[in-house]
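Subject: Structure handover

Hello,

Here is the structure I said I would pass on. Please open it next to this message and follow along; my notes come after it.

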Amino acid sequence: MSTQPITAILVDDEEKARNLLLMLLSEHCPQVQVLAQCKNVPEAVIAINKHNPALVFLDVDMPEYSGFQLLDFISMVDFEIIFTTAFSEYAVQAFRVSALDYLM
């Protein structure tokens with residue numbers, strides 16, 4: 001029996017963080033298919049509109065726009081968000097915007 005992949009986009013300004021998350025996903029979550037890796041919110045908006053992912057792994061603290069501001073640029077959020085950040089103080093805010101999860 002074949003299961004559908006979970007399509008995802010990774011958004012983080014740090015390439016090392018994106019590569020680590022990609023490695024962890026491929027190792028532990030082979031059902032997650034990463035469609036794009038983005039280094040900022042403008043790139044992520046383009047990738048989301050192009051690929052229509054089921055899931056977005058989203059860093060909070062990035063230059064220019066925060067991960068939370070991504071939601072201001074998307075007309076309809078029809079994907080789940082897992083915030084990925086080193087800062088615990090954003091957790092409450094993440095859940096206020098209906099985040100699926102919060103990884104530190």
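In this predicted model, the largest nonpolar core has 20 residues, and those that touch the most other members are Ile9, Val11, Ile48, Leu58 and Leu70. At least two residues of this core come from each of strand 1, strand 2, helix 2 (41-51), strand 3 and strand 4. The biggest share is that of helix 2, which gives five residues. A second core, separate from this one, has eight residues, including Ala8, Leu21, Leu25 and Phe57. As background, nonpolar side chains tend to be buried together in soluble globular proteins.

To see part of the largest core in detail, select leucine 70. Which residues is leucine 70 in contact with, once neighbours within four places in sequence are left aside? They are Val41, Ala44, Val45, Ile48 and Leu58. Of these, Ile48 and Leu58 are also on the list of residues that touch the most other core members.

Next, the chain as a whole. The protein chain has three helices and five strands, and from the N terminus their order is β-α-β-α-β-β-α-β. There are 104 residues in the chain, and 39% of them are buried. If you take the contacts between residues at least 6 apart in sequence, 58% of them join residues at least 24 apart. The chain exposes about 6,400 Å², of which carbon and sulfur atoms supply 53%.

Helix 1 is a useful one to check by hand. It runs over residues 15-28, which makes 14 residues, and at 1.5 Å a residue it should span 20 Å. Its end C-alpha atoms are 20 Å apart, so the expected and the computed span agree. Which residues of helix 1 are buried? They are Arg18, Leu21 and Leu25. These residues lie on the same side of helix 1, because the arc they cover around the axis is only 70 degrees. They pack against strand 1 (6-11), strand 2 (32-38), strand 3 (55-59) and strand 4 (80-84). On the face turned away from the buried side, helix 1 carries the exposed residues Glu15, Lys16, Ser26 and Glu27. Two of the buried residues named here, Leu21 and Leu25, also belong to the second core.

Now the charged side chains. How many salt bridges does a search of the whole structure find? It finds one. The partners are glutamate 43 and lysine 39, whose side chains meet at 3.3 Å, N to O. In general, side chains of opposite charge can pair when their charged atoms come close. Glutamate 43 has a relative accessible area of 28%, so it is partly exposed. Lysine 39 is partly exposed as well, with a relative accessible area of 46%.

Histidine 51 is in helix 2. Is histidine 51 buried or partly exposed? Its relative accessibility is 28%, so it counts as partly exposed. Not counting neighbours within four places in sequence, histidine 51 is in contact with Ile9, Leu35 and Ala36. Alanine 36 is 15 residues away along the chain, and the C-alpha atoms of the two are separated by 8.3 Å.

Proline 5 sits in the segment before strand 1. It counts as partly exposed because its relative accessibility is 41%. Apart from residues up to four places away in sequence, proline 5 touches Gln31 and Gln33. The C-alpha atoms of proline 5 and proline 30 are separated by 8.3 Å, although these residues are 25 apart along the chain.

Last, two residues in loops whose backbone angles you may want to look at. Asparagine 52, in the loop between helix 2 and strand 3, has a positive phi of about 50 degrees and is not a glycine. At 49% relative accessibility it is partly exposed, since exposed means over 50%. Glutamate 64, in the loop between strand 3 and strand 4, has a positive phi of about 75 degrees and is not a glycine either. Its relative accessibility is 66%, so glutamate 64 counts as exposed.

Regards

Conventions:
Residues numbered from 1 in each chain as written. Predicted model: local features only at pLDDT ≥ 70, side-chain atom pairs only at ≥ 80, totals over all residues. Heavy atoms only, no water. Helix = DSSP H or I, 4+ residues; strand = E, 2+ residues; numbered from the N terminus. Expected span 1.5 Å × (residues − 1). Buried < 20%, exposed > 50% of the residue type's maximum accessible area, 1.4 Å probe, protein only. Arc of directions from axis to C-beta. Contact = heavy atoms within 4.5 Å. Core = buried A, V, L, I, M, F, W, Y, C linked by side-chain atoms within 4.5 Å. Areas by Shrake-Rupley, 256 points an atom, 1.4 Å probe, with all protein chains shown as cover. Salt bridge = Lys/Arg side-chain N within 4 Å of Asp/Glu carboxyl O.
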